[in-house]
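Here are my notes on the model you sent round, jotted down as numbered points. Have the structure open while you go through them.

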Amino acid sequence: MSGDDLVNLRQYSPEADQAIFRFLDEIDDGYYEADLSGRLMFVNEAVVRLTGFSREELLDPQSNHYTNYIDAAAITRLQDVFYAASQGTSTSRTVEVMMRCRDGVTRPLEVSVSLVRDSYGQPQGIRGFVRLMTDPRVLERALRVSMQQLAMLQQVDTELNGYLDPSAILTVGLNAAMSLSRADTGFIALMESEGLRVVRSNGLGSGDHDRHLQLSEGVVGRALRTGRAQFVMDTRNDPDYVGDVPGMEANIVAPLSARDRVVGVLNLETSRASPFSHEVYEFVQLLTARLAISLDNALLMKTLQEQLTAQQKLYAQVADLEHLKTDMIRIAAHDMRSPLSVIANYITLLRADLGNSLDDAQRGYFDAISRGLDRLFRLSTDVLSLERIQEQHTRPSALVRFDQLVREVIEQYLPEAEQTHVSLKTGLIKRSVYVVGEALELSEAASNLLTNALKYTPSGGKVVVHLSIHGDRVRYEVRDTGYGIPEAEQARLFQPFYRVKTRETSNISGTGLGLHLVKKIIERHGGEVFFQSRLGEGSLFGFSLPLVQAVEQKSPTEEAIP
């Protein structure tokens, strides 16, 4: 701007103009002069200090219009004031505006607008003072804006936390960022093995959705490399900027970081730099922090759901295989009983026909065949018993006299104890004891424990069967002086088909289903199984069952152990 321009505007002499220049530069308030269209013709040094722009930048014919420095709302207000002044309907007025300064900070300014007339009284230009607003109104307005932003952030938080679907979170997050920043275009890209993939976009072409970005590309790449958000106030002066849409002036890029890793990036752009202030920039970073956490949680939940679905499918396949295995075992156990019976009958006939013609070795062969047949019969019996119990879905309801059932089991095994030279003793209460259950199943459970004790107790040992009452439960115990069980093997004792192998028990036959069957029976009756064992000292196995309280119980007295 030349001195002649000022003379034309104020119609002073050049010497007077220079004196006025010096005076205006020395005052504390900003002072400006503009033509009727709003182009700046003069600014004093205070305006330079307030805005951070040099006088040359403010008065550059290519950019010296006031609309380059203030937000849209202030532009509308000033246009109304300038128009009223140019029409002579208003001679002076003060307007509050938000001006984007050189450092990127948007500051509140109070601008007075006065009409300048020539010697003929015709409107010639506009002039006025510029002051930084530091009064309570500014603080009140800033507080109100902050409260609005916090309210919006809380609303966005509520919406984000209401979703576990990554797609919904991406949509809510991008829409909120676009709305709060007043950006013209934006997108969210997520990290994948190939790089970044645009998964949500707004204001871009349809072809930009699902577009892949290089990790080193543009301002986005710089944000990823540094791990910090980027604010580009003038895209023309940023060498890294790569525009998606022509005419964008400002750019904000914020990484989406959660659990110390980057999951994606948010990119916002505007064709007018004024909507992007440092306050908006900081607000976008707050938003992206919440967006990243919600998105990471949603992606984690999606991964867990996918893993759960895969595990459920695997479990279903395992269950199908288990059912197939069970069916095959059941069919085999059922169908082999007939041919086993045929074999057993013919073995008995052969042995009877041959009689005394058999030598010791041949009799040993027949004994081995008989033992094998007995083992197969026990296996089929245990498998069918287990199948029967597993198919029961209701609790048993019959009244069973349990003390009598135990005596019958003991009597059944007295011959076996005598044959193996094992002392079988009892300690049973004299009175009647009743439980609710299936007599056949309870007899099978009691027999299995007694059979095991006799089987794993060497000749000359002792087995004691004890029946007692503890509170509202009856307790059945079988204690032996047998081989005992290694501590390392005890955790698997009740698993199906599991048998403890030691040097002393390696030649003892068994199915590995007895203890598993006992556990299933007792649990179906609402009872509990227990055991104690020490290698080389013997074992105690037993179970407890609920007593029937409706049956009168007398004070317990026990038989003496013979």
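1. Start with the packing of helix H13 (residues 439-455) against helix H14 (residues 514-524): their axes are 9 Å apart and the angle is about 145°. The crossing is left-handed. Keep in mind throughout that this is a predicted model.

2. Who makes that contact? From H13 the residues are Glu441, Leu442, Glu444, Ala445, Asn448, Leu449 and Asn452. H14 puts in Gly514, Leu515, Leu517, Val518, Ile521, Ile522 and Arg524. Sorted by type, the residues of this contact come out as eight nonpolar, three polar and three charged.

3. Stay on H13 for a moment, since Ser447 is placed in that helix too. Is Ser447 buried or exposed? With 9% relative accessibility, under the 20% cut-off, Ser447 counts as buried. If you leave aside neighbours within four places in sequence, Ser447 is in contact with Val409, Gln412 and Tyr413.

4. Now the sheet. Five strands form an open sheet in the order S13-S15-S16-S18-S17, and the pairing is mixed. Strand S13 (423-427) and S17 sit at the edges with a single partner strand each, so each has one side without a neighbour in the sheet. From one strand to the next, the twist averages 15°.

5. For the parallel part, look at S13 and strand S15 (residues 462-470), which run parallel and are joined by five bridges. If you want a residue pair to find the register, Lys425 stands opposite Val464 in S15.

6. For antiparallel pairing, go to S18. Strand S16 (residues 473-480) runs antiparallel to S18, with seven bridges joining them, and Arg475 has Ser544 of S18 as its bridge partner. Strand S17 (residues 528-534) also pairs with S18 in the antiparallel sense, over seven bridges. There, the bridge partner of Ser533 is Ser539 in S18.

7. What links S17 and S18 in their hairpin? Three residues lie between the strands, and Gly536 takes a positive phi near 85°.

8. Why call S18 largely enclosed by the rest of the structure? Eight of the nine residues of this strand (residues 538-546) are buried, so the description follows from that count.

9. S16 also takes part in an aromatic pair. Phe402 and Tyr476 are arranged edge-to-face, at 6.3 Å centre to centre with 80° between the planes. Phe402 lies in helix H12 (residues 402-419) and Tyr476 in strand S16, so this pair ties together parts that are 74 residues apart in sequence. Both partners are shut away: Phe402 is buried, with a relative accessible area of 0%, and Tyr476 counts as buried at 1% relative accessibility.

10. The count of aromatic pairs comes to eight. Another one to look up is Tyr31 with Phe42, a tilted pair at 6.1 Å centre to centre and 55° between the planes. Tyr31 is in strand S1 (residues 30-34) and Phe42 in strand S2 (residues 40-43), 11 residues apart. At 7% relative accessibility Tyr31 counts as buried, and Phe42 does too at 3%. Together with Phe129, Tyr31 and Phe42 form one aromatic cluster.

11. Over in helix H11 (residues 360-390), have a look at Phe366. Its relative accessible area is 11%, so Phe366 is buried. Not counting residues up to four places away in sequence, Phe366 touches Ile347, Leu350, Arg351, Leu354 and Leu358. Of these, Leu350 is 16 residues from Phe366 along the chain, and their C-alpha atoms are separated by 9.3 Å.

12. Last, the overall numbers. The chain has 14 helices and 18 strands. Of its 562 residues, 41% count as buried. Take the contacts between residues at least 6 apart in sequence: 60% of them join residues at least 24 apart.

Conventions:
Residues are numbered from 1 along each chain as its sequence is written. This is a predicted model: local features need pLDDT of at least 70, side-chain atom pairs count only at pLDDT 80 or more; totals for chains, interfaces and linings use all residues. Side-chain values use heavy atoms; hydrogens and water are left out. Buried means under 20% relative accessible area, exposed over 50%, partly exposed in between (1.4 Å probe, protein chains only). Helices (H or I, at least four residues) and strands (E, at least two) are DSSP runs, numbered from the N terminus. Two strands pair if DSSP finds at least two bridges between them. Axes are lines fitted to C-alpha atoms, for helices over the stretch in contact, and angles run from 0 to 180 degrees between N-to-C directions. A crossing is left-handed if the near helix is turned anticlockwise from the far one by less than a right angle, and right-handed if clockwise. Contact means heavy atoms within 4.5 Å. Ala, Val, Leu, Ile, Met, Phe, Trp, Tyr, Cys and Pro count as nonpolar, Asp, Glu, Lys and Arg as charged, and the others, Gly among them, as polar. Rings of Phe, Tyr and Trp (its six-membered ring) pair if their centres lie within 6.5 Å; planes under 30 degrees apart count as stacked, over 60 as edge-to-face and the rest as tilted.
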